[in-house]
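Please look through the model shown here, with its chains side by side, before reading the notes that accompany it.

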Amino acid sequence: MDHFGIWLAAFLTLGIYSFLYRDNAWYKLSESIFIGISAGYWVVILFWDNFYAKFWLQRQDDPMLWVGAALGFLMLLRLIPKIGWIARWPLAFIDGATAGLWGMNFLASNIMVQTKATIMPLMGPAFSGSIGDLLSNLVLVGGTFCGLIYFFFSKEHKGAFGNAARVGIWTIMITFGAMFGYTVMSRMSLLIGRIDFLFRDWLGLLK
Amino acid sequence: MSLSQRKSFSVFPAIQFIIIIALTFVLSVNSFAQEATDDTTSVTSVIIAPPTNLLVEDFEYDDGEKLNLIWTPSIDDQPQVGKVTGYQVFRVTNDDVTTKIAELMPGANNFTDQELDKDSTYSYYVTAIANGAEASSVTTSPISPQREWVNFGLTNLFVIALIIGGAIFYFIEMGKRGKKLFVRKIAGLEAVDDAIGRATEMGRPILYIPGIHDMDDVQTLASLTILGRVAEQIADYDIKIRMPVARSLVMTAARETIKASYQAAGRPDAYSDDMVSYITDEQFGYVAAVDGIMVREKPATVFLLGAFFAESLILAETGNHVGAIQIAGTARPAQLPFFIAACDFTLIGEELFAASAYLSNEPKALGALKGQDVGKIIAAAAIIAGVLLETVIQLTDSESAATLLGYLRQAFTT
């Protein structure tokens, strides 16, 4: 049975990789199996992890869960065309709650924490003093400040303001360049994992 | 027997004797040392002092589910020479059930007990552990965790939110009164009209991908708001839109959004639920399906707006491969480099959230956008002031600058 599983996994892995050549029947078959099984899997997971574990088992302890359950029930009214419009209420609730929660989170993390973290000395006797440290602090403070200017929408990027915005976008792009390389390396590990499966578990070429 | 023979005969037993004596001495010393070590172990395992001054207090500003414990470590818990090897924290509930809730390293003097019930009472004691010995603190009086309805620790956050909120209302009011609100051009959003026009000319569909997160991600909300504007134009031009999604709630919300846009454009008859289809919650299952849609339907325009993860480059590369004009946007820094590399236009972070207001050009939306700029002015001003004060303190040791900097840091502490 194990061998059958490994052969099936290898067949589907190669089927998905065949997309690199072109769209083909093998890819379509692998794609359909993947989508069908994963959709079914997620239905089961969501039922047991959410409805059963988070609501049904705890429904006696926390009365607020019934509010969530009621909103969930209202969502299902979409299935009845005549009163389907009621499903907009829970959607509106989710939209509003998400916007409110994220608004405060963004304010706390993107404005307050980052601003505080950017406050640092540029020179002085107690400053550790090396040219490298000074440059590091200058880049951090200047890059953050100019980055803020780039995202300022109320003024045209012209003159000194425009130059600062250009420094900001350059800083952002250099950061993205570094992140690109870093992330590509981590993605390579995904590919290596799959190749390892094919060569070790399936073909047995690696011991 | 010769003399030499007699000599060697008499010397050999003497050497044997010396070796035996030496071995006996070594073994006896070793054995004594072993006994001494055992004695030492037995002495240290018996006597250790318990932790003292155990105090339990309510965790400030929570939902009534945490208690803070703090104590003075055992006097035998000293760096390097200490006998204490760790601490165990015990909880006693109001029905006298005792549970070990934590094992801590030597030197530990606090612990936060979590997931408690605010309607129950709890007592605690802490035990210092040594090799085979333990000593417990006194058990504390029963206490219940308290729920606080208002978190006064976030007053500064509230004040800043109030200032930004006030600025948003001010600019909205200005916009309503007819004052022209200027917002600079954003290249990625200027291209939206061209991208939709291109699909119209080519007679090919538009593919709209809202990311893989659910409706509880603000990037998905921003994406659906942009979708509303885009769908109005699509309805006007009578182009086909295809929107595969990875979350059922997003499917419902997207259908409502597109339906409303088609109604606003005076084309409710052209709307169909089939425009939005649920694929699967599984990240790469969704990617496999979207890639298939791209190569089979060859969309003229692809919008990738929302929360993206490892799938971003796969989707953007496939879109690029089929020759679609691509407008992407996300607030996830790790994915933006891929979009910049593979897409024609990319909305970076804040630009994604500004897009809806920008596209609508309505005073209310633009007022909100300008109000947010006030937040950026506050942050920039605080950075300049903070860096100057920090540098002045380093150069002059000024106490007044230190006091001001303290206030500034406090204002931005959450």
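The paragraphs below turn to one helix and then to some charged pairs.

This is a predicted model, in which local features need pLDDT of at least 70 and side-chain atom pairs count only at pLDDT 80 or more, whereas totals for chains, interfaces and linings use all residues. Residues are numbered from 1 along each chain as its sequence is written, chains are lettered from A and ligands numbered from 1 in the order in which they are written, and side-chain values use heavy atoms, with hydrogens and water left out.

Helix α2(B) covers residues 155–176, helices being DSSP runs of H or I with at least four residues, numbered from the N terminus. Among its buried residues (under 20% relative accessible area, with exposed meaning over 50% and partly exposed in between, for a 1.4 Å probe and protein chains only) are Leu157(B), Ile160(B), Ile164(B) and Phe171(B). The buried residues of α2(B) pack against α4 of chain A together with α10 and α11 of chain B, while the face turned away from them carries the exposed Phe158(B), Leu162(B), Phe169(B) and Lys176(B).

Helix α10 of chain B also holds Lys376(B) and Asp373(B), 3 residues apart, about one turn of the helix. These two form a salt bridge (a side-chain nitrogen of Lys or Arg within 4 Å of a carboxyl oxygen of Asp or Glu), with their closest N and O atoms 2.9 Å apart. Lys376(B) also meets Glu350(B) in a salt bridge, at 3.2 Å from N to O. Lys376(B) is buried at 10% relative accessible area, whereas Glu350(B) is partly exposed at 22%.

Key
Helices (H or I, at least four residues) and strands (E, at least two) are DSSP runs, numbered from the N terminus. The expected span of a helix is 1.5 Å times one less than its number of residues. Contact means heavy atoms within 4.5 Å.
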